[in-house]
Amino acid sequence: MTFDTDRYRHETPGVHNRIHFNNAGAALMPLPVYMAVKDHMDLELNIGGYEAQDRARPAFERTYDAIAELINCDRSEIALVENATVAWQMAFYGLPLQEGDRILTAEAEYAANVIAFLQLKQRKGITIDFIPSDNTGQVDTDALEAMIDDRVKLISITHIPTNGGLINPAERIGKIAKKHGIPYLLDACQAVGQIPVDVEKIGCDMLSATGRKYLRGPRGTGFLYVRKGFMEKMDPPFLDMHGAEWTEIDRFEVRPDARRFENWEFNTSAVLGLGAAVDYLLEIGIEPVSRRLRILADTLRTELSAVAGVEVHDIGAEKGGLVTFRHMDKSADAVKCYLSENKVNTSVTTTSSTRFDLEKRNIDELVRSSVHYYNNENEIDRFVEILKKM
Ligand SMILES: *Cc1c(COP(=O)(O)O)cnc(C)c1O
């Protein structure tokens with residue numbers, strides 16, 4: 001079976017303007033996503049926001065089904081929120097963590113998550129322990145198992161960190177979490193849409209993801225998955241009259257599904273765009289998407305490593321679509337600006353986004369060039385040529 005890159009490029013107008021290697025920042029939307037957003041905006045313009053929402057109800061509800069199909073869960077286990085950070089926070093701050101409890105996390109954990117751990121440490125006196133990485137750079141699952149004791153009340157891991165090739169062994173970690181009955185929160189922000197993510201196989205209790213990255217959805221979208229049966233052990237950090245019902249003067253009832261983690265007002269256009277993005281992906285299939293983008297990333301890594309003065313800094317036994325590198329003579333910002341002047345999109349990642357990992361590796365900044373399935377070999381060649389001329 002051939003992968004129809006030309007078709008996907010044809011449906012992605014952005015590829016004609018730039019070499020877009022910033023998919024880990026925000027991927028280019030395909031036309032069906034743009035049209036879903038735009039059509040609904042037009043409807044709001046013409047008939048009113050609430051009235052447009054009524055008409056869009058089936059498509060709006062479809063977004064839950066599409067996500068549930070993609071990650072293999074029930075639609076009632078999905079909450080739609082404005083980004084992955086809010087999704088993650090609704091889960092984390094909803095856990096009954098207390099003084100003395102231990103959280104185990106990975107060395108390459110995302111900054112926002114670690115800040116939340118530190119806040120809870122300050123507020124409640126919980127303990128944060130970093131699971132060592134093995135010599136490939138991924139979470140050492142033997143070390144994880146050895147760290148477990150009665151005080152461990154959460155394993156919280158980033159599946160694919162924000163800066164590097166690394167893909168953490170989410171499934172093996174899930175087996176350990178399950179064996180010891182420890183809640184497992186997975187930040188799958190860079191994973192969903194990039195690699196197959198199946199919550200049953202992984203065995204996580206909570207998972208957060210964003211719309212704009214590898215899913216190719218609009219900005220300002222994200223979702224939270226919470227396992228049925230686990231939900232009841234949590235207390236949503238915020239509730240409104242969408243997440244709960246005011247049933248008597250002094251009583252309220254929390255919704256039975258994961259929408260208890262949502263709030264009332266939605267950017268309906270964006271939700272429809274997210275639904276269109278997931279449907280677009282389901283039609284192509286996550287397996288071929290994942291294979292294709294990994295081939296491209298491997299090619300990019302190989303070609304970049306051959307450029308004089310450039311060092312690729314990716315870790316992991318298994319590597320994904322995020323390729324990070326350093327130019328020996330130029331700052332990451334200078335490289336990014338130069339590339340941008342040449343119509344190439346990349347981004348810069350600094351110590352503050354994954355401090356534990358980058359300080360350990362003695363790296364203060366990296367250029368991140370992240371590819372998606374709609375990129376092609378020609379773009380990689382041109383990218384490397386442009387970089388060589390710097
Ligand atoms: C981008 C990112 C986030 C945050 O996603 P938002 O949608 O911007 O909130 C969380 N975790 C990881 C690993 C990320 O790369």
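In the predicted model, the side chains of strand 6 alternate in direction: Tyr184 and Leu186 point one way from the strand, whereas Leu185 and Asp187 point the other way. Burial does not follow this alternation, as all four residues are buried. Strand 6 comprises residues 184-187 and is joined to strand 5 by four bridges, the two strands running parallel. Within this pairing, Ile155 stands opposite Tyr184, and Ser156 has Leu185 as its bridge partner. Strand 6 also pairs with strand 7 (residues 206-210), again in the parallel sense, over three bridges. In that pairing, Asp187 of strand 6 stands opposite Ser208 of strand 7.

Strand 5, spanning residues 152-158, is mostly covered, with six of its seven residues buried. Strand 5 is further joined to strand 3 (residues 102-106) by four bridges, and the two run parallel. Two of the facing positions are defined by Arg102, which stands opposite Val152 of strand 5, and by Ile103, which stands opposite Leu154 of strand 5. Strand 5 and strand 6 are also related through a helical connection: together with helix 7 (residues 170-180), they make a right-handed β-α-β unit.

These pairings belong to an open sheet of seven strands, arranged in the order 2-8-7-6-5-3-4 and with mixed pairing. The edges of the sheet are formed by strand 2 (78-81) and strand 4 (127-131), each of which pairs on one side only. From one strand to the next, the twist averages 20°. Helix 3, covering residues 49-71, packs on this sheet and touches strand 2 and strand 8 (222-226). The direction of helix 3 makes about 120° with that of strand 2.

The ligand is surrounded by 13 residues, of which Thr85, Asp187, Thr210, Arg212 and Lys213 come nearest. Asp187 thus appears both in the surroundings of the ligand and among the buried residues of strand 6. Three threonine side chains provide polar atoms at short listed distances from ligand oxygen. For Thr85, a polar side-chain atom lies 2.5 Å from an oxygen atom of the ligand. For Thr210, the corresponding separation between a polar side-chain atom and an oxygen atom of the ligand is 2.6 Å. For Thr162, an N or O atom of the side chain is 3.0 Å from an oxygen atom of the ligand.

A contrasting environment is found outside the strands. Lys233 is located in the loop between strand 8 and strand 9 (244-248). Its relative accessible area is 54%, above the 50% cut-off, and Lys233 is therefore classed as exposed. Lys233 and Gly174 are 59 residues apart along the chain, and their C-alpha atoms are separated by 18 Å.

Notes: Residues numbered from 1 in each chain as written. Predicted model: local features only at pLDDT ≥ 70, side-chain atom pairs only at ≥ 80, totals over all residues. Heavy atoms only, no water. Buried < 20%, exposed > 50% of the residue type's maximum accessible area, 1.4 Å probe, protein only. Pairing = 2+ DSSP bridges. Right-handed = clockwise from strand over helix to strand, strands pointing away. Axes fitted to C-alpha atoms, helices over the stretch in contact; angles between N-to-C directions. Contact = heavy atoms within 4.5 Å. Near = heavy atom within 4 Å. Polar contact = N/O pair within 3.5 Å; in protein donor to acceptor, adjacent residues only side chain to side chain.
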